[in-house]
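Q: Hi! Could you walk me through this model, please?
A: Sure, here it is.

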Amino acid sequence: MGFADQRFNVNLSILFTELPLLERPAAAAAAGFTAVELWWPWVDSPVPERSEPDALKRAIEDAGVRLTGLNFYAGQLPGPDRGALSVPGEESERFRANIDVAADFAASLGCTALNALYGNRVEGVDPAEQDALALENLTLAARAADRIGAILLIEALNRPESPLYPLVSAPAAVEVVDRVNEATGLGNARFLMDLYHLSMNGEDLPSVIERFAAKTGHVQIADNPGRGAPGTGSLPLEDLLDQLNKAGYDGWVGLEYKPGDRPSAEAFDWLPR
């Protein structure tokens, strides 16, 4: 068991960012990866000009890699935002406008996992109002994902780095997963288990895996402290991935870590060849 037995993909929104977006898929392929994932790449535009997704689709196809995960529009990410779907007004409308655009782009590349970041709490707005709006929008997103044969991912972030984000524990995120599945009857909402975020929250990671592996649709990793590559911190990532594997998780593991003060291509020396 161990790292050699996992299927890793590389997140092109945090690795290879020293390169223009359209050059990153080929760089990932050159580093030995067959699959990539992305945050929504056009942070200012939930509905970009058709030429932009077309160019990215060509870059991914020409590189010979698969797109295995994509975020819906999430506002300024990286930046101050942590999603848009629970934010009343313009941001929620931008999320809704993006739903079919993101789903169609994912479908064009055979991508079957769409991540919907919940969004920050807004000062002066009743949290219950935000949660009701979130459920409406997540229901729409789950139906769009189902239309293309995809799952909808709901992610817990961490409180130190995202103090206004309400889903800062595995149980909180899984509760939303269950709520969405109950509302739609589709059963395609799943938990995105990011071991870095959960460790930053001080959660008992073996216990989280034991409780929630069956509801997990995707896993992401970075070491802690520092959000660097495995081995740069103190998380027993190899053991945790072994436990996930034994618990029945056989999906992709997204590498969502910072390369540090070196080119991204040099940030995979921990990975068995």
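Q: Let's go straight to the annotation. Which residues does the UniProt "active site" cover?
A: The UniProt annotation "active site", from an unreviewed entry, covers E155 and E256. UniProt positions are given in the numbering used here, feature names are shortened, and annotations may be inferred rather than shown by experiment.

Q: And where do they sit relative to each other in space?
A: They span 102 residues in sequence, yet no two of their C-alpha atoms are more than 13.3 Å apart, so they gather at one spot. Both E155 and E256 belong to the lining of the largest pocket, and E155 lies in strand β5.

Q: Before I go on, what should I know about the model itself?
A: The model is predicted: local features need pLDDT of at least 70, side-chain atom pairs count only at pLDDT 80 or more, and totals for chains, interfaces and linings use all residues. Residues are numbered from 1 along each chain as its sequence is written, and side-chain values use heavy atoms, with hydrogens and water left out.

Q: Good. What does UniProt say about the domain?
A: The unreviewed UniProt entry places "domain: Xylose isomerase-like TIM barrel" at residues 26-271. That span is 39% helix and 14% strand, and its end C-alpha atoms lie 19 Å apart. Helices (H or I, at least four residues) and strands (E, at least two) are DSSP runs, numbered from the N terminus.

Q: How many strands are in the closed barrel?
A: There are 8, in the order β1-β2-β3-β4-β5-β6-β7-β8, with parallel pairing. The twist from one strand to the next averages 30°. Two strands pair here if DSSP finds at least two bridges between them. Angles run from 0 to 180 degrees between N-to-C directions, and axes are lines fitted to C-alpha atoms, for helices over the stretch in contact.

Q: How many bridges join β1 and β8?
A: Strand β1 (residues 7-11) pairs with strand β8 (residues 252-255) over 4 bridges, in the parallel sense. R7 stands opposite W252 of β8.

Q: Which strands does helix α4 lie across?
A: Helix α4 (residues 127-147) lies across β4 (113-115) and β5 (151-155), and runs at about 140° to β5. Contact means heavy atoms within 4.5 Å.

Q: Back to that pocket. How much space lies in the largest one?
A: About 430 Å³. It has 30 lining residues, and the closest to its centre are W39, L77, H197, R227 and E256. On a 1 Å grid over the protein atoms alone, a pocket is an open set of points with protein on both sides within 12 Å along at least five of seven lines, a cavity is a set where a 1.4 Å probe fits but cannot get out, and lining residues have an atom within 4 Å of a point. Grid points are joined across faces, edges and corners, and a volume is the space filled by probe spheres set on the points.

Q: Which strand gives the most to that lining of the largest pocket?
A: That's β3, with 3 residues. Strands β2 (35-38), β3 (66-71), β4, β5 and β7 (216-221) each supply at least two.

Q: And how does that lining divide by class?
A: The largest pocket has 11 nonpolar, 12 polar and 7 charged lining residues. Ala, Val, Leu, Ile, Met, Phe, Trp, Tyr, Cys and Pro count as nonpolar, Asp, Glu, Lys and Arg as charged, and the others, Gly among them, as polar.

Q: What lines the second largest pocket?
A: P48, R50, P53, D54, K57, V101, D104, F105 and S108. Helices α2 (51-63) and α3 (90-108) each give two or more of them, and α3 gives the most, with 4 residues. The space in this second largest pocket is about 200 Å³.

Q: How many cavities of 30 Å³ or more are there?
A: There is 1, with about 40 Å³ of space. W39, W40, V43, Y73, A74, G75 and L77 line this cavity; by class they are 6 nonpolar, 1 polar and no charged.

Q: Last topic, the backbone. Where are the cis peptide bonds?
A: One joins L77 and P78, with omega about 5°, and P78 is in the loop between β3 and α3. Another joins N224 and P225, where omega is also about 5°; P225 is in the loop between β7 and α8 (237-246).

Q: And what is phi of F16?
A: Near 65°, a positive value in a residue other than glycine. F16 lies in the loop between β1 and α1 (24-30).
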